[in-house]
Every structure is written in structure tokens, then in C-alpha cells.
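Trainee: Could you take one part of this model and walk me through it closely? I would like to see how its residues sit and what they touch.

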Amino acid sequence: MLSELLQGTDTGGFLVIQDSSSCTGRHLLKSFINAALNREENIHVLGFEVSEEELGEGLNTSAPQRLHFHNAYSDPLGWTDHLTFTVHQFCLDELTHLVKQTSQSKPATLVIDSLSWILRHQSPPAVCKTLQQLKRGGAVRAIIGLLHADMHQKGTVGSVCHLATSVITVAPGMKGDEAVAKITKRSKSGKVMQYEEIFSIKDDLTVIVQSKPSHLEHKQTDPEEQQMDPTAHLTFNLRLSDTERKAKEKLALPFVFSKEKKTALLHSGQGSGRILYEPDANDDYDQEDPDDDLDV
Amino acid sequence: MAAPVDSVGKPSAERSPFNSTSFQKKTRSKLISIPGTRPSVQNGQLLVSTGVTSLDYLLGGGLAVGTVLLIEEDRYDSYSRMILKYFLAEGVVCRHELFVAAAQDNPDDILQELPAPILDDVAIHKPVDQPRLSCEPQDSLDAMKIAWRYQNLPKVQSALASTSRFGHYYDVSKTMEPEIRQAAKCHRFYLPEHPTQSSTTHSPMIESYSALLKSLQEVIHREGFDIAASMPKSRNILRVGLHSLGSALWGDDLSCHDNPRHSHALTTFLYGLRALLRSSLAVAVVTVPSHLIQDRALMGSITRLCDNAIALESFKGSERETNPLYKDYHGLLHVHQVPHLNCLASQLPDHKDLAFKLKRKQFTIEVCRQGYSVQSNCLSRKLSIHPFHNVTDCNPSSEKPVCTFVCYWVTKSKVKLLIVLCWCQSYYSVTFRGNRV
């Protein structure tokens, strides 16, 4: 499942990589950026936590014009007057403007490193609103965000992940360079699938999935209940062989008229089934109908 | 026998094209008869169906008009959204008006996903010129071999069927056809389309909720759903579906922070909503993502402010998924509140351990049977056990079960046998109910 996600999220997808202090998710984030670069997509990175050099280490640098790094690391709150990206610029208009001015015809992928930084300086409802607007609008094709789950309250993390189409939670694995990824993927039809995989990342940022994914897949609706064959397991035979079926169909039913008589009967008396009822003295036509207050 | 005398001899030209018989039920009730509603047997309230028949049964027959049903969402908002869609689909089928409000998804998207009703007896409102199937006589003769006399009668039953039938079934794998859906009037409220202006008054309700409440009030007043409105034309019910109130997209930080700044926004809104609904012919279903709300006291007050409250807990992603006890079900359903409307005591559900399962044609809610232990004594399964204490001690050293002491009482209704078994240090009394011989 991890490899499928690496091959490209669907348009309008929002992927959240949740990590904690025990296991960082930045390497996985860089693998996603690398995979997108290999697919020749435009990427815009909002870098709050690490500098451009550090993030660019190991990435595929064959086409540097496709990777746009917006420096929010040196001055995120805009204390000096340098033209950097500040955290207050994280709103729909500014981001759309930012993405449109530097990218070509194809909508770009937006990578946010990290969402935690933004959540500390802007209120979570505002951040969620911006993310939802970005998801719905056409300016960006997909959003990938890194979220440090242990930096926020449970409700905040839950609210942001509620908006996401896929959530990858990384946790330390048994061996040193391995990590466990718990993936929750929501499809457009409402199906939710969960996977758990062990992976490791090589130096060139390719992800190797170590174990077979153990997924717990649940369909929302049951497949149609299997029809029980009522003619099975009986001590007598209820089935028909072919000759018997043909004979059954050939059988002339009683009161079967010829086609002419049928049409004559059909067209003459159309919908004239009237019930004419005149109650006489013997009928017990009760004024108070006891059936009236039946709750049926 | 209530044979309507006045319909005798009615000329056929007056009959509507959908009627196949001339029988008309005589209604003498003083209650306003609105299609899709029925009076409750317990307290006479006007009830509407939620769209899920097992949920209607749990709520005491249906949702009372003028009340609010709170659904606490499951973790991935799949089943609560499904129940909301059932509720709206039921409104379309019963020809009620709908009001859908959402902040995350466009209400149009929600309305397009409504499940298709299983159309045995729902009148499809296609404009039909003649009440006949327009097919060639050749085809019609081959269509029915035995019942050919009834071929040309219309297959659609009269509109009367939808008033007498309470609660319909839906096929989840298909979506409702656009013709049926467009026949119902829908009012929409999509939060991103309503620019929020900061309110000058210092009210505990945030702007999004104020805008929603104002919009709802305006719709109720304009379309004549007020009870006090003096519109002589036929009354209808407004079904209000509010999706995911309290989530961050409504601008509320109730689900984000442990100590929210707008702690009273949602509660004030629900208070206003309930007051609005009590004075109008409307029903509301509100879904709240309660798994994100950390403040349980606040969740409790939200529950108290709604009349009915159920919580859905789906097994997906939790450790209960692999529990063999729950393998037949998709989740648990908890009833947190039942209403007491105009009565002292409310109708509580009999069982607390309810589980739900979403099948293709039905959303079933059942009592989750915990399962009998396999090694139960077969005696205890067949007879009714009443531990009886005042018996002489039995001898534990004997090996065979020996019936040492039998006495019986014969009363008017039952014969009671007391059998003492020696090998187990317990006593069983056996009661036979039935006729005295």
C-alpha cells in the first residue's frame, strides 16, 4: 500500500504523515517528494522546520526548476523585512497566488513541512478551513503534510486527520533502520481500508517494504446474501431436467384463450372493476370502527 | 366494517389515474394528516420515520416532529453519514421538504448519494397520459401467461400507499434516481458560500452557527412550517439534516482543543435549534464528531440538549474488529438519550448492548447476543432455574445423581416440583406452567 501511495495520490488527495519524537517522518516525506520529482511533477515545498539545503539532500536534482522551495525557515513570523514565506501567509488566496505564479500548466503538488508549525501559530479551525479549500479548489493537485502528533492535543490531530484522505502513522520498528507504517486510506466511495507495513528507506530515498502488508479491509456493504438453493439437500427431487422443463412449458393451461380472444377481452373491459356496495339493513355497518385506531 | 358509502357510484372520470380501486379509507382523526407521518401509540405525538426501521423501533416508533436526533459519529464518519442519507431519502420518498447543511461537503453531493428506495409501493411521479402501459398488444400478451387479464392495469399503486406505509427500505448499492430526487424540494446551506461577517454583538454563538440558525429560521418562516402560521393549504414536514456540527470546518474549536474557547457555541446553537423546531413542523438530525471532543462534560451537555441521542461506534480500526463475538456486526450502537415529551417517563430500550450492521437492503440494529457458554448444563437450558435455598443438605460423597427428595406444590396455575440432586451441591426447582390436570 505504501508503494501505491508513493506512486501518486489521486487528485484532491490530502496525505498526512504522522510521526512522533521516537521516529521521524521526514525521510518518508522526502521519499514522497523524490517519487513525485521522478514522475516529473511540479512540487512546492513550504519549509518551516528545516532549511533548503537540508531538505534538498538526497533529492533528485536533475530538474531543479520543478522543485520550488519556499523558505519559511529563516524568518517564519516575519520579524525582519526579508521576503520570505511567513506563517501568516498560509491562507487560500496567498497560497493559490504562490502556486500559480511559479508553476506551469499542470497543477502542482504542495508539500508542507510541517503542519505542526502552522498549527502552533494559527488556530486549528482556520488551518482546517484552508486545507479543505485547497483540497476542493483546483490550484493544487495534492497536498502532503507532515504532522508531529505528540506536539498537539488529541483533538487537533484528530481534526486534521479527519480531513485527510490518507494518514500514515510511522512508529519505530524492531530493527534500527526499519519503521512500522500504519496506513488508513479513505476512498471516494467512503470505504476505509487499513494497512500495516514495515518499511525502510535507503540512501537514495527509495522505500523498501519489508513485510507483506497485513491489511484489514472491510467493505461497507455486505455482498449480496448468497441465495440458498432450496432444492438442495432434500430427500425428494424438486429439480427439473431439460425434457421435463420443455414438457412443462408446452402444457396447455386451462382457460387459456387464443390470442384473438385475449385481445378482444383485454381491450373491451379496461379498468372497469368497480365494487358497487350498497349496505342494506342486515349489514353491520358500524359507525365506530374499532379498527380505526389500530397502529398498523 | 367501514365501507365508505359516499364513494359508491363515483363516476370513473373523477378517479385519478393512479387509483386502481375505488376504496378510500375514512379518516376521522383530528390530527393533521401529513403524508409520511403517523401518531405515536404511546403519547399521541406525530412521528416521522428516520428511514431506518430498526432505529424507528428503538426511538419508540419514530422521530417525534419538533425534536432533534443527535448522532455521535463513528471514527471515519461512514455510518453516521449513511443514517443521515437514509433520513433525507425517507424525506424524498414521503414528499417532505429537506434542508441540508454541511461545511465539509457540498450538500448537493450529499443529496446525490442518497440510496435508492426499494420501489414496491412508492408512487413514481412520472407524468403519465393514460394509466396504461404503452406497449404493443403483442408484447402484452406474451408478458403474462396466466394473469393476462391484469396486464394492462397500471403497475404503480395509488398515492395512498405512501401515506399508509411508514418507513421504507433502501438499496445502498444504488443511488436514487434524479427524477425522484428532484421532485422533492431541498434547501441547502453550504458554509463556504456564506461569507461570515464578524458579529458586533458579543454572543456565545459563533458566526457560522448564527448564519445557519438564521437561514433555517428564514426557510421555516417563508415556507410556512410554523405551527402558528395560518396557511390553509396542506401542511408538510421539513427535514433538517446538519452534518458534522462541532467539527473544525464550522469554525468551532470544540473538537480541536481540550479547553475550547467557544465552549458554548454549539450548546447555544442547539438550544436555539430546539426552540425553533418546537414551534414548527420540522425534525432535525444532527451529527457531531464526538470522538474528537475531549471535554466529556461538554459532550454530556450537548447530549442533554438534544431530545434523542445515539452514538455509533464502528469496529473498523479498533481491536474489537477481530473479536469473534462481533464478527457479524459492523459496530455498536449506544442509546444515550430518549425523549420524554409530554409525559413523565420515557420509553427506554430494553437492551443496552445493541449492534448494527449495514446490509445492502437494510440497516439492522440488533441485540448483540453474548452467546451462551458451551458447557452449560443441559438441564439448565431446558428448564427454568430458580435457586431455592431451604433444603436439607445433600450428601456430596455419592457418585450417581440420586433424586432424594421430591415434593410438590400444586397451586392454581402451576405445579412446582422440587428436585434435589445429590451430586451437585445445588438445587433446582422445576416449574411447570400450564393447565392443572
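Mentor: Happy to; we will start with one helix of chain B, move to a loop residue of that chain, and then look at some charged pairs. Please keep in mind that this is a predicted model.

Let's begin with helix H9 of chain B, which spans residues 296-305. Its buried residues are Leu298(B), Met299(B), Ile302(B), Thr303(B) and Leu305(B). These five sit on the same side of H9(B), because the arc they cover around the axis is only 165 degrees. On the other side of H9(B) you will find Ala297(B) and Arg304(B), which are exposed. What do the buried residues of H9(B) pack against? Their partners in chain B are helix H8 (265-278) and four strands: E4 (68-72), E10 (282-288), E11 (308-314) and E12 (331-337). The start of H9(B) also has a detail to look at: a side-chain oxygen of Asp295(B) comes to within 3.3 Å of the backbone nitrogen of Ala297(B).

Next, the loop residue. Ser244(B) lies in the loop between strand E9 (238-242) and H8 of chain B, the helix that also packs against the buried residues of H9(B). Is Ser244(B) buried or exposed? With a relative accessible area of 2%, Ser244(B) is buried, because the cut-off for that label is under 20%. Its side chain makes a polar contact of 3.2 Å with the side chain of Glu73(B). Setting aside neighbours within four places in sequence, the residues in contact with Ser244(B) are Glu73(B), Trp250(B), Thr287(B) and Pro289(B).

Now for the charged pairs. In chain B, Asp171(B) forms a salt bridge with Lys174(B), with the closest N and O atoms 3.3 Å apart. Asp171(B) counts as buried at 4% relative accessibility, whereas Lys174(B) is partly exposed at 49%.

Chain A offers a residue with two such partners. Glu41(A) forms a salt bridge with Arg39(A), where the closest N and O atoms are 2.9 Å apart, and another with Arg141(A), where they are 3.5 Å apart. The pair of Glu41(A) and Arg141(A) links distant parts of the chain, 100 residues apart: Glu41(A) is in the loop between helix H2 (26-38) and strand E2 (43-47), and Arg141(A) is in strand E5 (residues 140-148). Glu41(A) counts as buried at 11% relative accessibility, while Arg39(A) is partly exposed at 31%.

Finally, a network of salt bridges links Arg136(A) with Arg81(B), Lys85(B), Asp105(B), Asp109(B) and Glu113(B). Over all chains, the structure holds 20 salt bridges.

Methods:
Residues numbered from 1 in each chain as written. Chains lettered and ligands numbered in written order. Predicted model: local features only at pLDDT ≥ 70, side-chain atom pairs only at ≥ 80, totals over all residues. Heavy atoms only, no water. Buried < 20%, exposed > 50% of the residue type's maximum accessible area, 1.4 Å probe, protein only. Helix = DSSP H or I, 4+ residues; strand = E, 2+ residues; numbered from the N terminus. Arc of directions from axis to C-beta. Contact = heavy atoms within 4.5 Å. Polar contact = N/O pair within 3.5 Å; in protein donor to acceptor, adjacent residues only side chain to side chain. Salt bridge = Lys/Arg side-chain N within 4 Å of Asp/Glu carboxyl O.
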